[in-house]
Amino acid sequence: MRRDSAIDPLMLRAYAETEYRVHGSPGFTLRVGQASTELREVHARHGVTCSAYLTAFNPFSRAVGADENASRQAALLAEVARLGLVALPGLGQHPSNDWPGEDSVLILGLGLEAAKALGERFEQNAFVWCGEEGVPELILLR
């Protein structure tokens, strides 16, 4: 993680503790810094070596209404479709704080630089990126 981040340290801690759930059959949960066998299996099944877990909800972690979040998420999904990538639906949620879960997607085959650009476009502070090792990393954008 960047030490020069503009993000509040308590917010950074919350991001690191969040459970990044991927829906499916079977579903699984990504945790920052913990290798995921299920993720490596999904990568292998889809012939990719990386993925990014992103949301368009709540720009810069400022709560907005349900309609705005739904519109933002639809725009993210449309961009993923335009890129021709597979997106698995999910929900990012802290296990114990009061912040509501955020609809999210695991975008298969999205490289780190492209993921940064997408996160910035959708005004996110951070996102989770996963390389070949299957270890989710918190990538800060601010």
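This passage describes the strand pairing, the nonpolar cores, one helix and one histidine of a predicted model.

Strand β1 (19-22) has two pairing partners among the strands described here, β2 and β4. With β2 (28-30), the pairing is antiparallel and spans three bridges. Tyrosine 20 has leucine 30 of β2 as its bridge partner. The two strands form a hairpin in which five residues lie between them, and glycine 24 in the turn has a positive phi of about 150 degrees. With β4 (87-93), β1 is again antiparallel, and four bridges join the two strands. Here arginine 21 is matched with leucine 91 of β4.

Nonpolar side chains in soluble globular proteins tend to be buried together. In this model the largest nonpolar core contains 19 residues, and Leu30 and Leu106 have the most contacts inside it. At least two residues of this core come from each of α1 (9-17), β1, β2, α2 (37-46), β5, β6 (126-130) and β7 (136-140). The largest share, three residues, is supplied by β6. Leucine 106 is in contact with residues distant from it in sequence by over four places, including Val22, Phe28, Leu30, Leu39, Tyr53 and Val86. A further core of 16 residues lies apart from the largest one; Ala52, Ala56, Phe122 and Ile139 are among its members.

Helix α4 comprises residues 112-121, and Ala115, Leu118 and Gly119 in this helix are buried. Viewed down the helix axis, the buried residues of α4 fall within an arc of 100 degrees, and therefore line one face of the helix. An α-helix has 3.6 residues a turn, so residues three or four places apart point the same way. Glu113 and Arg121, on the other side of α4, are exposed. The packing partners of the buried residues of α4 are β3 (51-54), α3 (66-82), β5 and β6. Glutamate 123, just after the helix, takes a positive phi of about 55 degrees.

Histidine 94 is located in the loop that runs between β4 and β5 (102-108). Its relative accessibility is 11%, which is under the 20% limit, and histidine 94 therefore counts as buried. The side chain of histidine 94 makes a polar contact of 2.7 Å with the side chain of glutamate 17. The histidine 94 side chain also reaches the backbone nitrogen of serine 96, at 3.0 Å. When neighbours within four places in sequence are left aside, the contacts of histidine 94 are with Ala14, Glu17 and Thr18.

Note on methods
Residues are numbered from 1 along each chain as its sequence is written. This is a predicted model: local features need pLDDT of at least 70, side-chain atom pairs count only at pLDDT 80 or more; totals for chains, interfaces and linings use all residues. Side-chain values use heavy atoms; hydrogens and water are left out. Buried means under 20% relative accessible area, exposed over 50%, partly exposed in between (1.4 Å probe, protein chains only). A polar contact is a pair of N or O atoms within 3.5 Å; within protein, one must be able to donate a hydrogen and the other to accept it, and residues adjacent in sequence count only if both atoms are side-chain atoms. Contact means heavy atoms within 4.5 Å. A nonpolar core is a set of buried Ala, Val, Leu, Ile, Met, Phe, Trp, Tyr and Cys residues joined through side-chain atoms within 4.5 Å. Two strands pair if DSSP finds at least two bridges between them. The arc is that of the directions from the helix axis to the C-beta atoms.
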